[in-house]
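This report looks at how the parts of the structure below meet. It goes through domains, chains and a few buried residues in turn.

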Amino acid sequence: MEQLPKWADLIVVPLVGLILAFSLSMLMVFATGHDPMDALSLMVKGALGSTYGWGYTLYYATNFIFTGLAVAVAFHASLFNIGGEGQAALGGLGVALVCLFIPWPHWTIALVAATAAAGLFGALWALIPAYLQAKRGSHIVITTIMFNFIAASLLNYVLVNKLRPKGSMDPATAKFPEPAHLPSLGDMLNAVGIPFAKGTPANVTLVVALLACVFVYYLIWRTRLGYQLRAFGESQPAAVYAGINPVKITIITMMISGALAGLMAINNVMGEAERLILGSVEGAGFIGIAVALMGRSHPLGILFAALLFGALYQGGAELGLWTSIPRELVIVIQALVILFTGALDNMVRSIVAKVLVRPKRAEA
Amino acid sequence: MTTAPAIELKGISKAFGPVQANKDISIRVMPGTIHGIIGENGAGKSTLMSILYGFYKADKGEIYISGKKVSIPDSQAAIAAGIGMVFQHFKLVENFTVLENVILGAEDGALLAPSLRKARKDLAALAAEYELNVDPDALIQDIGVGMQQRVEILKALYRQADILILDEPTGVLTPAEADQLFRILHRLKDEGKTIILITHKLREIMEATDTVSVMRRGEMTATVKTSETSPQALAELMVGRKVLLRVDKTPAQPGEKVLEVENLKVVDSKGVVRIKGVSFDVRAGEILGIAGVAGNGQSELLEVLGGMRNGTGTIRVNGQDLDLTGKFSDARSRRKRGIAHVPEDRQREGLIMDFKAWENTAFGYDDDEAYQTGLLMNNAAIREDAEGKIERFDVRPANADLEAKSFSGGNQQKLVLAREIERDPDLLLVGQPTRGVDIGAIEFIHQQIVALRDKGKAILLVSVELEEILSLSDRIAVIFDGQLMGERLPAETHEKELGLMMAGMTGEDT
């Protein structure tokens with residue numbers, strides 16, 4: 001593979017992927033008899049054109065930041081954690097238990113406790129696959145994905161049989177008590193005089209997500225643990241040579257990864273739904289993979305990629321709401337973006353490399 | 001009478017980005033000769049041969065085979081033109097038989113039986129003609145390296161190759177096997193085949209070739225008759241300056257025993273016994289060289305001592321037992337006991353290739369107090385340390401921000417050596433210190449190892465290069481099949497004796 005300059009790898013490749021994805025999407029919109037330009041502008045306006053749109057875009061983005069960071073941390077250790085879905089679901093269980101059964105005097109304390117619970121539950125859910133990988137050699141991709149199903153079933157059981165309020169037909173917990181409600185972004189911004197649409201789901205968790213980005217940056221590039229984790233990810237024989245314990249580093253890395261995925265629950269469970277419902281993660285765990293890939297496993301890249309996917313989600317929803325473009329097509333568009341920016345990353349890169357690197361060779 | 005050269009290259013140039021790997025290279029190789037190509041790592045030998053075998057396309061230049069201009073876009077075309085290649089790393093299917101490997105890619109039809117029958121006959125004929133005897137029904141995984149190499153040669157001959165290119169063919173062979181290979185090559189030459197031998201070993205060039213071309217930094221610096229040159233002259237052509245081929249060192253002044261190994265056994269993860277009860281010791285101020293063909297347990301020995309693998313038996317350092325299986329058997333604990341380790345494979349183990357040079361300076365020592373500030377690592381301190389090491393060990397380019405993979409083999413090794421030697425260890429483990437390292441850097445690396453010895457440190461050297469063992473060691477132990485075959489003093493032995501011991505004959509048999 002040709003060596004690309006860093007700026008091209010970070011900016012040009014994702015951009016080209018995005019353009020390809022959108023071109024193909026617009027072609028499909030056109031094929032179904034709609035005006036692609038209209039659809040595109042509706043998507044952009046719907047996601048970014050109003051504070052109402054931003055309120056949703058940022059809410060989705062918050063989810064994706066957490067799951068993206070989770071995948072990225074594991075990536076740095078060469079571990080592919082695709083269990084974000086299940087870890088986030090278990091994080092939700094942790095949040096629900098903390099919010100339902102402990103009376104909190106104020107949301108700030110509740111937030112700290114819920115963050116700890118979400119992280120702990122996510123980390124513990126990642127611990128089992130991590131242990132199986134490190135000690136028994138069971139492949140982490142297989143085990144984490146299977147643990148997604150186990151998590152879903154477990155949550156189903158707990159919600160239906162244990163946490164469902166008496167008389168309710170809904171597999172969900174009761175509403176969290178008032179002191180455990182988080183302020184929304186609208187409330188917070190309005191309080192300081194910035195107009196922002198009320199009633200949108202973006203909430204204070206966004207700040208936690210930004211802090212998580214900073215935390216991951218320092219963890220990966222400035223701490224000994226990060227150093228060892230990256231070394232382990234680059235070369236396992238080298239890690240053994242350096243005296244890095246492969247079992248320990250695998251387990252610690254996966255628990256941090258799981259904790260980050262679990263943290264997503266404070267956004268969707270505590271911040272938005274204010275109760276735990278079935279299937280609350282809604283695929284954000286998987287979007288995290290695309291976000292981490294597109295963001296090059298760097299917190300800053302993940303921030304931007306999460307925003308993009310957040311906008312895509314919100315824009316797609318708007319499209320479904322205001323046009324007769326079928327909902328399925330909106331999902332196709334989202335899938336194309338994931339395909340081109342995530343999975344087909346290397347294909348796009350080799351094309352970019354050919355265009356960028358060839359002329360230089362001729363000069364030499 | 002003029003015969004056309006078997007192979008002629010005219011003005012071959014090839015660039016990878018800004019790097020000019022081959023610059024205007026021309027050679028003529030006459031039929032029925034052995035032509036050597038010698039040069040340091042990165043001189044462009046392999047690129048040139050890859051062009052000839054169709055892996056790369058030359059930017060400029062022409063290739064003539066027997067006087068006819070040919071173009072070689074891929075390896076199929078190279079085979080059609082009568083070129084056969086024996087790679088340094090064999091391309092054989094381990095669980096196929098010799099026969100199946102020979103026809104692989106050259107089957108005549110959908111059914112295998114006719115091809116196999118034909119190949120069996122041809123193989124018998126080839127064996128008779130060139131004394132290339134191999135059991136056609138043996139599985140590759142069951143036969144030795146020397147035999148595997150013969151299979152590679154047979155593969156080429158089966159495809160009617162007239163020109164045979166061998167890339168560093170003796171890297172994995174014992175001296176005796178190498179001699180056998182050269183006998184085969186001479187036989188092939190006598191039958192009119194043309195052979196191109198790529199190597200960095202001067203001795204092989206002098207013994208085996210008729211003419212030799214020297215490459216340096218992508219250019220062909222000279223082509224001479226082997227009989228009219230000397231190893232010293234070739235070395236100078238390769239490096240571009242005078243080099244010391246012998247190591248300059250005073251007799252050792254051995255002191256106390258630093259390392260004592262008693263009845264060490266190692267079983268690998270597949271249950272194969274790799275080391276079968278080995279005992280030896282290394283004293284302060286001496287270099288013990290372990291000679292042996294790769295794969296006879298010397299790697300495992302270094303790994304146990306370096307804390308990368310478990311073993312049983314007793315190992316004492318400065319009189320105190322090392323933990324061989326428990327909590328303190330890891331590499332970090334070994335470092336704390338004053339053992340530094342320059343691993344055999346610097347690219348896989350010794351360095352993180354995608355880490356910058358300065359990050360690699362802390363590799364294995366990242367728990368050093370000097371590298372911490374509170375919870376974070378003190379990157380400024382590591383960088384400063386790295387810059388000092390780069391300067392003192394003459395690493396080029398002297399840029400701590402380059403990734404390890406951007407350095408040449410020799411400079412990567414200098415980075416590892418600087419990191420390990422400057423820890424001032426009591427015992428230094430060194431594996432293949434100059435594998436893939438250019439001659440200029442070899443001299444420097446050898447000097448550093450001897451200098452550490454002269455400071456009164458114990459050094460255990462493992463190398464498959466017999467010359468290196470002979471010139472660097474104060475004592476030599478030979479390992480074969482996980483056992484030590486005996487010890488010799490370098491002044492009282494020679495390559496032949498060591499070669500026999502490396503092939504499994506004990507000191508008494510020789």
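In this predicted model, chain A is divided into two domains. Domain 1 is formed from residues 1-34 + 324-364, and domain 2 covers 53-317. Their centres, taken over C-alpha atoms, are 28 Å apart. Domain 1 of chain A puts 16 residues into the contact, and domain 2 of chain A puts in 11 residues.

The two domains of chain A bury about 1,100 Å² between them. Carbon and sulfur atoms account for 71% of that area. On the side of domain 1 of chain A, the residues that lose the most area to domain 2 are A:Gln334, A:Ile338 and A:Thr341. Together they make up 38% of what that side buries.

How many salt bridges are there between domain 1 of chain A and domain 2 of chain A? The count is 0. Residue pairs in polar contact across this interface, with both residues at pLDDT 80 or more, also come to 0. Three helices of chain A each supply at least two residues to the domain 1 side: α1 (6-31), α14 (327-343) and α15 (345-363). The largest share, 8 residues, comes from α14(A). By class, the domain 1 side has 9 nonpolar, 3 polar and 4 charged residues.

Chain B is also assigned two domains: domain 1 (7-239) and domain 2 (257-502). The centres of these domains of chain B are separated by 33 Å, over C-alpha atoms. Here 11 residues of domain 1 of chain B touch 11 residues of domain 2 of chain B. The area buried between them is about 940 Å², with 64% from carbon and sulfur atoms.

Salt bridges do occur at the domain interface of chain B, where the rule finds 2. One of them joins the side chains of B:Glu465 and B:Lys201, at 4.0 Å from N to O. Residue pairs in polar contact between these domains number 0, with both residues at pLDDT 80 or more. Helix α8 (residues 231-239) of chain B gives the most to the domain 1 side, with 3 residues. That side of domain 1 of chain B has 5 nonpolar, 3 polar and 3 charged residues.

Next comes the interface between the chains. Chain A brings 21 residues into contact with 31 residues of chain B. The two chains bury about 2,300 Å² between them, 56% of it on carbon and sulfur atoms. In chain A, A:Arg224, A:Tyr227 and A:Tyr241 lose the most area to chain B. Those three residues together give 36% of what the chain A side buries.

Chains A and B share 2 salt bridges. In one of them the side chains of A:Arg224 and B:Asp366 meet at 3.1 Å, N to O. The count of residue pairs in polar contact between the chains is 14, with both residues at pLDDT 80 or more. On the chain A side, the elements that give two or more residues are α8 (205-222), α9 (224-234) and α10 (236-242). By class, this side has 12 nonpolar, 4 polar and 5 charged residues.

The buried areas of the three interfaces are listed here.

| Interface | Buried area | Share on carbon and sulfur atoms |
|---|---|---|
| Domain 1 and domain 2 of chain A | about 1,100 Å² | 71% |
| Domain 1 and domain 2 of chain B | about 940 Å² | 64% |
| Chain A and chain B | about 2,300 Å² | 56% |

Now to single residues and one helix. A:Arg296 sits in the loop between α12 and α13 (299-322) of chain A. Is A:Arg296 buried or exposed? A:Arg296 counts as buried because its relative accessible area is 17%, under the 20% cut-off. A polar atom of its side chain lies 2.9 Å from the backbone oxygen of A:Leu293. Beyond its neighbours within four places in sequence, A:Arg296 is in contact with A:Asp9, A:Leu10, A:Val13, A:Pro14, A:Asp345 and A:Arg349.

Helix α6 (residues 140-163) of chain A has buried residues including A:Ile140, A:Phe147, A:Ala151, A:Leu155 and A:Leu163. Their cover includes α4 (84-101), α5 (107-136), α11 (246-273) and α12 (284-294) of chain A.

In chain B, B:Tyr130 lies in helix α4 (residues 112-130). B:Tyr130 is buried, with a relative accessible area of 4%. Setting aside neighbours within four places in sequence, its contacts are B:Leu157, B:Arg187, B:Leu188, B:Glu191 and B:Lys193. The C-alpha atom of B:Tyr130 is 36 Å from that of B:Ala21, 109 residues apart along the chain.

Terms used. Residues numbered from 1 in each chain as written. Chains lettered and ligands numbered in written order. Predicted model: local features only at pLDDT ≥ 70, side-chain atom pairs only at ≥ 80, totals over all residues. Heavy atoms only, no water. Domains from an automatic or database assignment. Contact = heavy atoms within 4.5 Å. Buried area = accessible area lost by both parts, 1.4 Å probe. Polar contact = N/O pair within 3.5 Å; in protein donor to acceptor, adjacent residues only side chain to side chain. Helix = DSSP H or I, 4+ residues; strand = E, 2+ residues; numbered from the N terminus. Nonpolar A, V, L, I, M, F, W, Y, C, P; charged D, E, K, R; others polar. Buried < 20%, exposed > 50% of the residue type's maximum accessible area, 1.4 Å probe, protein only.
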